[in-house]
Amino acid sequence: MDTAFMRKTFALIAKGLIEKEQLLQMEPTRYPYSKALQHGINMFLAASQWAGSQAAVEYPDEASFLAHFITRPIEEWFDTWESGAVEQLHLQEEPFYAYDAFAYQKAGNVYVPSSDCYEFLETQDSDIMNGTDERILYEKIITLSQEDYCRVRRYIIEHPIITLEDRRTMSLELADDPMARDAFQFAYEEITEESYRCPQCGWTMMQGKYGYSCHSTHCTDTLPEFTDEMKLDISAGDLYRLKKGIMRYFATPGKLELEIAAFCEKKKLRWALWPQMDRYDVEIRFPDGDIWEIDAKAYRNPIALRTKIQNDGGFPSGDYARGYFVIPSEYTVNQRNYTAIINRVLKDQKNVECVTLKALKTAIAKKEAACNDE
Ligand SMILES: [Zn+2]
């Protein structure tokens, strides 16, 4: 038993939950069976046995396993492990350990994967990401011209929900490039459930057995009064939304990217979104010739972001004066040491730093003022 085994266990469980949800959408009347989930569950039960827990006896099948574990924070999954086992495998240092529940119960034995589940999966290697909606879309748009790439990506970020008419218009505009049109169409799915437009992120908020849910559990942290205007009329069957993984993977960090670009525009700086085919998210060119490269990251869990950065080998190399990993400012409200956790692993890259959006704007304004003083 080792740490890598546990890492794989949780990656398979996260992937399996998402697979199950996709299968259920395709065939709503059939119980969705995911090999990845089954594999992950068996691995967790084997590890539990190693750690002296009776979990394998008490929750031997998928239904009882999910009912007991899947709506609990990950830390609690180890409650029945012998003391010392978690420490021996250094599990507290693993990105999965600090996550909240990977799914919530929608009804009976139907579980919906949480934003934590999606976020965790993103930190995992290519193999495990294969076949997810976000990976498929990424592979489609990375082959486009720089111009079409930016166009499709920007559209996705700005339009979490579209009408059939919007879909037709954009498809027509992309008619010259069938690959771009195909990528755009792939990003969306028809809305088939009663839902409201989420006031936080603009995606769909649906009522389940235990309250409302959006793509992120954080959208429901503060819930306003729902008005009829927020209700989506699905009766005509002409509304589409981004697929959930795509909303999480592209649209959430995308809001940061667009906000940085808008700030640079206001400061009359030269900027570019996703330069060099997504090597960076935003590039800023200052009047003195300095180039800053920025990578926007929307991971709430700093250990998950740290793992992702380490897996990627740090900030991409290049000819820039400064490199920044930027996170939404609100992520540090309850985790004041967030950027410190990241910056500890960036020591080898002297000109690279993790900052909040607020701190980045301050740095840009200061640099711009210094350029003007010269
Ligand atoms: Zn939302």
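Among contacts in the protein chain between residues at least 6 apart in sequence, 67% join residues at least 24 apart; two residues are in contact here if their C-beta atoms, placed from the backbone, lie within 7 Å. The model is a predicted one, so to speak of local features takes a pLDDT of at least 70, and side-chain atom pairs count only at pLDDT 80 or more, while totals for chains, interfaces and linings use all residues. Residue numbers run from 1 along each chain as its sequence is written.

On overall shape, the C-alpha trace of the protein chain spans about 70 × 55 × 40 Å along its principal axes. The radius of gyration, taken over C-alpha atoms, is 22 Å, which agrees with the value near 21 Å for a compact globule of 374 residues; that globule rule is 2.2 Å times the number of residues to the power 0.38. Of the 374 residues, 37% count as buried, the cut-off being 20 or more other C-beta atoms within 10 Å of a residue's own, with exposed meaning 12 or fewer, partly exposed anything in between, and C-beta atoms placed from the backbone. The secondary structure comes to 16 helices and 14 strands, both being DSSP runs numbered from the N terminus (helices: H or I, at least four residues; strands: E, at least two).

The domain assignment splits the chain into domain 1 (3-124), domain 2 (133-247) and domain 3 (251-373), with bounds from an automatic or database assignment. The C-alpha centres of domain 1 and domain 3 sit 33 Å apart. Their contact takes six residues from domain 1 and seven residues from domain 3. On the domain 1 side, the residues divide into four nonpolar, one polar and one charged (nonpolar: Ala, Val, Leu, Ile, Met, Phe, Trp, Tyr, Cys and Pro; charged: Asp, Glu, Lys and Arg; polar: the others, Gly among them).

UniProt, in an unreviewed entry, puts the feature "domain: REase associating with pPIWI RE" at residues 254-367; its positions follow the numbering used here, feature names are shortened, and annotations may be inferred rather than shown by experiment. Over residues 254-367 the chain is 39% helix and 22% strand, and the end C-alpha atoms are 24 Å apart.

Two backbone oddities round things off. Most residues other than glycine have a negative phi. Lys268, in the loop between α12 (244-266) and β10 (270-273), has a positive phi near 55 degrees. Lys268 is exposed, with 8 other C-beta atoms within 10 Å. Trp274, in the loop between β10 and α13 (275-278), also has a positive phi, about 45 degrees, but is partly exposed, with 19 other C-beta atoms within 10 Å.
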